[in-house]
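Biologist: I'd like to talk through the aromatic rings and a surface patch in this protein. Could you put the model up for us?

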Amino acid sequence: MQRSGVKQGICVVYSHHTTCSVMTQESSHDKTYYGLEYLQQDLVNIMEKLAPQALVEGQYMHPGPKHIDFAMNEAKEVGEWTSLNTEAHLRSVFFGRSETIVLVDGALDLGEFGYVYFVDWDQIRDRDRVIQVQIIGE
């Protein structure tokens, strides 16, 4: 924010990835033994009930044969299993891929407990991720 010089305006944080979400939420401070904040773990638990992790082909309609063919031949994926991330796509639909945050006096106006979180729902493999931050204002 400081580099932009914008004092009053908005900041848009956007994920390029259809299996990721950007959200604002409070920090719950307490963490599980695996390092997730309790509120994050609660979110993971609820999402596992709404859109369970894809464990086998055919669990969801997606990915179909045309998508697998595209992934293997056009996107050069390393194996058909890399497309078994349907739950990640569904979960990102619930929370969206961007957040717009108001800037007041050159700072994000997130309230007393607010933080911006980037969530990668895709559990299939590690990948580099890209987010875009756009600051608009005066």
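Biologist: How many aromatic pairs are there here?
Modeller: Happy to help, and please keep in mind that this is a predicted model. Rings count as a pair if their centres lie within 6.5 Å. By this rule, the number of aromatic pairs is two.

Biologist: Is the pair of Phe95 and Trp121 stacked or tilted?
Modeller: The ring centres of Phe95 and Trp121 are 5.8 Å apart, with 25° between the planes. Planes under 30 degrees apart count as stacked. The pair of Phe95 and Trp121 is therefore stacked.

Biologist: How many residues apart in sequence are the parts that this pair ties together?
Modeller: Phe95 belongs to helix α3 (residues 86-95). Trp121 sits in the loop between β5 (114-120) and β6 (131-137), so the pair links parts whose separation in sequence is 26 residues.

Biologist: Which residue of that pair is buried?
Modeller: Buried means under 20% relative accessible area. Phe95 has 29%, so this residue counts as partly exposed. At 4%, the buried residue is Trp121.

Biologist: What kind of pair do Tyr115 and Tyr117 form?
Modeller: Their centres are 6.4 Å apart, with 50° between the planes. Tyr115 is partly exposed at 43% relative accessibility, whereas Tyr117 is buried at 15%. With planes under 30 degrees counted as stacked and over 60 as edge-to-face, this pair is tilted.

Biologist: Which residue of the nonpolar surface patch is found in strand β3?
Modeller: The patch is formed by Ile10, Val102, Val104 and Ile136, with about 290 Å² of accessible area together. One of these is partly exposed, with a relative accessible area of 42%. The residue found in strand β3 (residues 98-104) is Val102.

Methods. Residues are numbered from 1 along each chain as its sequence is written. This is a predicted model: local features need pLDDT of at least 70, side-chain atom pairs count only at pLDDT 80 or more; totals for chains, interfaces and linings use all residues. Side-chain values use heavy atoms; hydrogens and water are left out. Patches are made of residues with over 30% relative accessible area and no salt bridge: like charges are joined within 9 Å, nonpolar side chains (Val, Leu, Ile, Met, Phe, Trp, Tyr) within 5 Å. Accessible areas come from the Shrake-Rupley method with a 1.4 Å probe; for residues, only the protein chains shown count as cover. A salt bridge is a side-chain nitrogen of Lys or Arg within 4 Å of a carboxyl oxygen of Asp or Glu. Helices (H or I, at least four residues) and strands (E, at least two) are DSSP runs, numbered from the N terminus. Buried means under 20% relative accessible area, exposed over 50%, partly exposed in between (1.4 Å probe, protein chains only). Rings of Phe, Tyr and Trp (its six-membered ring) pair if their centres lie within 6.5 Å; planes under 30 degrees apart count as stacked, over 60 as edge-to-face and the rest as tilted.
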